[in-house]
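Could you walk me through how to read a few features of a protein model, one at a time? I'd like the general idea each time, then the case at hand.

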There are 2 protein chains.
Amino acid sequence: MNNQRLILVTNDDGYASKGLAAAIEVARGFGRVVVVAPETPQSGMSQAITMHHPLFLRRVRQEEGVEVYAFSGTPVDCIKMAFDHLLREERIDLVISGINHGSNSAVNILYSGTMGAAIEGSFYGCPAIGLSVDDHSPDADFEAAVFFGRQIVGDLLREQVEMSLCLNVNVPVGKPADLKGIRFCRQNRGFWREEFFRRQDPMGREYFWLTGDFVNTEPDATDTDEWALSHGWVSVVPVHTDLTDYRLLELLDGAFGSTEKE
Amino acid sequence: MNNQRLILVTNDDGYASKGLAAAIEVARGFGRVVVVAPETPQSGMSQAITMHHPLFLRRVRQEEGVEVYAFSGTPVDCIKMAFDHLLREERIDLVISGINHGSNSAVNILYSGTMGAAIEGSFYGCPAIGLSVDDHSPDADFEAAVFFGRQIVGDLLREQVEMSLCLNVNVPVGKPADLKGIRFCRQNRGFWREEFFRRQDPMGREYFWLTGDFVNTEPDATDTDEWALSHGWVSVVPVHTDLTDYRLLELLDGAFGSTEKE
């Protein structure tokens, strides 16, 4: 145990969620832990930042080696608060975001507040891990996620990774002994087929509530995170944030060129 | 003018913004226009979706060839509302998101509600364009963005692009005649150096408000959107959403392998 290390923990389910307590369990064996987590649930907040109103920071508790703060913004706001204000004078060695109630495999990474925070953490030049369990229930079992989370964090810290690295880690339902191990994967292709649940409010106004099903367009691709998850593996996808489609860039440049006006 | 085409318009500044009116101007020469835009400003909302509360849809106005709806969610919620409910029985030929007050070049694409909506539109299998002007002011001049927006939309529709295509288009400040033309680019590398503006509220509580400066880590790279914008070009970055870092995937798989438990 190296108490010199500083681990920043956040999530998108809010500072009081069971998954956050599990993330603290993962982190606390590796150093001092500071938590800056959202005051309220922020699922589906992606990489959103709060621009139009002020935010409030509150210290929730301090115990041996763990300080917990609640911040009234998004998961990304929490990361910015930690790096740019609260821990500005310190060196953060690792960011852990999660443990999320619900998987963030495939295209879900784009909507995920958990992964938004992990990506943001990696922007500050340190390794960041988003950890999620494939179970949405508030009392999901985090034992396997804690087990494999510790293994991955241990590997990263032992290898002294100090780069801007972001990993999207998803853990299937099951006890550690039931799972096959860790599998490095690519992001699965697929999309959400959405429906809006429609009802009337007490004033008779129609309201809409988002719901839907994920459609996996490549269920047999064994190198994807979805395949790994559904076959008992912990999926690990290394994440980058250059959204340039280079293949299309070449095509478009060839077809249209850079058109200087006459 | 082909009135058979259906163009969906949204934005992140809200249905009443000047930029939305400019996006309608871009779209209306190409077909029937349906706008589903946020009820309230949603800058910085990234690809966020609303999961924890119901949403309300309101028809704002209908005029010759243009219907405008306000939806109480995020930009991505607006896209889902249009494709999965309002226009479910119709075929949408193109999505235009914007015109945003402020550029979405470089890493800003990740925080941008404008680009979140454009990306979401492309998930439904049609071309989508995010249009932004490098001017945050509420009364920004959109003349050049309308001019070049029409040119790009015209090219896409003439080529009968029907694929899942997403373009991040940013237009510098200036009149059309002052700008050099269109340049296909890659996403610039850089990051935000943030600061929190700190004050006390009327109850004496400290609050934080996000502010910051963008740091361009490759100002001389002539193939980037930032370079194009700062040299008088309209930048066009084709966007993909596979966040897998394939280079790192190969490295990690080599270093750690997929570790089956003993």
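What follows is a short back-and-forth on helix packing, burial, cysteines and backbone angles.

Q: Before we start, what kind of model is this, and how are things labelled?
A: It is a predicted model, where local features need pLDDT of at least 70 and side-chain atom pairs count only at pLDDT 80 or more, while totals for chains, interfaces and linings use all residues. Residues are numbered from 1 along each chain as its sequence is written, chains are lettered from A and ligands numbered from 1 in the order in which they are written, and side-chain values use heavy atoms, with hydrogens and water left out.

Q: How do I read two packed helices, say H1(A) and H5(A)?
A: Two packed helices are described by the angle between their axes and the distance between the axes. In chain A, the axes of H1 (residues 18-28) and H5 (residues 143-158) come within 9 Å and cross at roughly 35°. Helices here are DSSP runs of H or I with at least four residues, strands are E runs of at least two, and both are numbered from the N terminus. Axes are lines fitted to C-alpha atoms, for helices over the stretch in contact, with angles from 0 to 180 degrees between N-to-C directions.

Q: Is the crossing of H1(A) and H5(A) left-handed or right-handed, and which residues make the contact?
A: H1(A) passes H5(A) in a right-handed crossing (the near helix is turned clockwise from the far one by less than a right angle; anticlockwise would be left-handed). On the H1(A) side, the contact uses Ala22(A), Glu25(A) and Val26(A), and on the H5(A) side Ala145(A), Val146(A), Gly149(A), Arg150(A) and Val153(A). Contact means heavy atoms within 4.5 Å. By class, that gives 5 nonpolar, 1 polar and 2 charged residues (Ala, Val, Leu, Ile, Met, Phe, Trp, Tyr, Cys and Pro count as nonpolar, Asp, Glu, Lys and Arg as charged, and the others, Gly among them, as polar).

Q: Why do places three or four apart keep turning up in helix contacts?
A: An α-helix has 3.6 residues a turn, so residues three or four places apart point the same way.

Q: What do H1 and H5 do in chain B?
A: Their axes come within 9 Å and cross at roughly 35°, and H1(B) passes H5(B) in a right-handed crossing.

Q: How many residues of H4(B) are buried?
A: Buried means under 20% relative accessible area, exposed over 50%, and partly exposed in between (1.4 Å probe, protein chains only). H4(B), residues 113-123, has 10 of its 11 residues buried; among them are Met115(B), Ile119(B) and Glu120(B). At its start, a side-chain oxygen of Ser112(B) reaches to within 3.2 Å of the backbone nitrogen of Thr114(B). Just after H4(B), Gly125(B) takes a positive phi of about 85°.

Q: Where does the side chain of Asp225(A) reach?
A: Look for a polar contact: a pair of N or O atoms within 3.5 Å, where within protein one must be able to donate a hydrogen and the other to accept it, and residues adjacent in sequence count only if both atoms are side-chain atoms. A polar atom of the Asp225(A) side chain lies 2.9 Å from the backbone nitrogen of Ala106(A). Asp225(A) is in helix H6 (residues 225-230) of chain A and counts as buried at 1% relative accessibility. Gln187(A) is 38 residues away from Asp225(A) in sequence, yet 5.8 Å away in space, C-alpha to C-alpha.

Q: How many disulfides are there, and why does Cys166(A) not form one?
A: A disulfide is a covalent bond between the sulfur atoms of two cysteines. With a cut-off of 2.5 Å between the sulfurs, the count comes to 0 over all chains. Cys166(A) has none because its sulfur is 10 Å from the closest cysteine sulfur, in Cys126(A), too far for a bond. For Cys78(B), the closest cysteine sulfur is in Cys126(B), 15 Å away and too far for a bond.

Q: Which backbone angles should catch my eye in chain A?
A: Most residues other than glycine have a negative phi, and most peptide bonds are trans. Ser46(A) has a positive phi near 55°, and so does Ala106(A), near 55°. Ala106(A) sits in the loop between E5 and H3 and is buried, at 0% relative accessible area. The peptide bond from Gly98(A) to Ile99(A) is cis, with omega near -10°, and Ile99(A) lies in strand E5 (residues 94-101).
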